[in-house]
Amino acid sequence: MTKGEETRQFIIEKAAPIFNTKGIAATSMSDIMEATKLSKGSMYVHFENKDVLACAAVDHNMKVLSSKLQAELSQGKSATKQLYAYIDFFSNPINPPLIGGCPLLNFGTEADDTNPIVKEKVNSAIKRGQQLLTSIIEKGISDKEFDPNWNAAEFSTILFAMLEGGHLMSRMSGNNDNMNIIVQTLKKNISEKRI
């Protein structure tokens, strides 16, 4: 990386948790300047405005989340273990994998009616998440681990939505009680599909 690319990446890495915690609208360039200790001029050399930086921060948060998730999934040697690892990865919203909580939920809620670019980034990430879950289940079916009649895409949607909903409920209540119920229910549903 060139010096300029390093500085740009440094800004993104410092900005990403701030945007994920405060939201795009509530984060100011002053917040980023304070975190990076860079001048306003330096900031605008690398990002023409806050929206460009916010989009880069959204991408960074999604990439970090995906990398951490993939590291967990790679430990599972069976489809069941991978599904459980996926669920476990998201099972503690009070102490989430990323500072500020789930970026899909945070940015998706904020961008729903206000930012079509971020909305599409979140929508794409949701689709990738569902496809990942579907492919794990389909592999489990082909390996004769799961019931061949299990609708992989349908359950992937249910699993994804339940975890996101549980994340919201837990963050609002300040405890993981609701998520614990969801985790137990999802794992029970998976175990019932095992052959």
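Here is a friendly round of questions and answers on this predicted model.

Me: Happy to start with the basics: how many helices and how many strands does the protein have?
Reply: From the N terminus on, the elements run α-α-α-α-α-α-α-α-α. The C-alpha trace they belong to spans about 60 × 40 × 30 Å along its principal axes. The count for the protein is nine helices and zero strands.

Me: And what percentage of the residues in the protein is buried?
Reply: A residue counts as buried when its relative accessible area is under 20%. The protein has 195 residues, and the buried share of them is 41%.

Me: Among contacts with a separation of 6 or more, what share comes from residues 24 or more positions apart?
Reply: Let's take the contacts in the protein with a separation of 6 or more as the whole set. Within that set, the pairs 24 or more positions apart account for 70%.

Me: Now to the interior: which element gives the most residues to the largest nonpolar core?
Reply: That core has 53 residues, and those with the most contacts inside it are Phe-19, Leu-53, Tyr-86, Leu-159 and Leu-163. The elements giving two or more residues to it are α1 (3–22), α2 (29–36), α4, α5 (79–89), α6 (103–111), α7, α8 (152–173) and α9 (177–192). With ten residues in this core, the top contributor is α4.

Me: Which residues does Phe-19 touch, once its neighbours within four places in sequence are left aside?
Reply: Phe-19 is one of the residues with the most contacts inside the largest nonpolar core. Beyond its sequence neighbours, Phe-19 is in contact with Ile-24, Thr-27, Ile-32, Lys-50, Leu-53, Ala-54, Ala-57 and Phe-107.

Me: How are α4 and α7 oriented: roughly parallel or roughly antiparallel?
Reply: Two packed helices are described by the angle between their axes and the distance between the axes. Helix α4 (residues 50–73) and helix α7 (residues 116–142) pack with axes 10 Å apart, at an angle of about 10°. Angles under 35 degrees count as roughly parallel. The two helices α4 and α7 are therefore roughly parallel.

Me: In the contact of α4 with α7, how many residues are nonpolar, polar and charged?
Reply: On the α4 side, the contact is made by Cys-55, Val-58, Asp-59, Met-62, Leu-69, Gln-70 and Leu-73. On the α7 side, the residues are Ile-117, Val-118, Lys-121, Val-122, Ala-125, Leu-132 and Ile-136. Put together, they divide into eleven nonpolar, one polar and two charged.

Me: Let's zoom in on α7: is Ala-125 buried or exposed?
Reply: Ala-125 has its place in helix α7. Apart from neighbours within four places in sequence, Ala-125 is in contact with Met-62 and Leu-104. Its relative accessibility is 11%, so Ala-125 counts as buried.

Me: How many Å apart in space are Ala-125 and Met-62, C-alpha to C-alpha?
Reply: Along the sequence, Ala-125 and Met-62 are 63 residues apart. In space, their C-alpha to C-alpha distance is 7.5 Å.

Me: With which side chain does the side chain of Asp-31 make a polar contact?
Reply: Asp-31 lies in helix α2. Leaving out neighbours within four places in sequence, Asp-31 is in contact with Ile-18, Lys-22 and Ala-26. The polar contact, at 2.8 Å, is with the side chain of Lys-22.

Me: Where is Lys-37 found, and is Lys-37 buried or exposed?
Reply: Lys-37 has a positive phi of about 65° although it is not a glycine. Its location is the loop between α2 and α3 (40–46). With a relative accessibility of 69%, Lys-37 counts as exposed.

Me: What is the phi of Lys-144?
Reply: Lys-144 is found in the loop between α7 and α8. At 65% relative accessibility, Lys-144 counts as exposed. Although Lys-144 is not a glycine, its phi is positive, at about 60°.

Me: Which residues does Pro-148 contact, leaving aside its neighbours within four places in sequence?
Reply: Pro-148 sits in the loop between α7 and α8. With a relative accessible area of 58%, Pro-148 is exposed. Its contacts are with Ile-141 and Ile-195.

Conventions:
Residues numbered from 1 in each chain as written. Predicted model: local features only at pLDDT ≥ 70, side-chain atom pairs only at ≥ 80, totals over all residues. Heavy atoms only, no water. Axes fitted to C-alpha atoms, helices over the stretch in contact; angles between N-to-C directions. Helix = DSSP H or I, 4+ residues; strand = E, 2+ residues; numbered from the N terminus. Parallel < 35°, antiparallel > 145°, perpendicular 65-115°, else oblique. Contact = heavy atoms within 4.5 Å. Nonpolar A, V, L, I, M, F, W, Y, C, P; charged D, E, K, R; others polar. Core = buried A, V, L, I, M, F, W, Y, C linked by side-chain atoms within 4.5 Å. Buried < 20%, exposed > 50% of the residue type's maximum accessible area, 1.4 Å probe, protein only. Polar contact = N/O pair within 3.5 Å; in protein donor to acceptor, adjacent residues only side chain to side chain.
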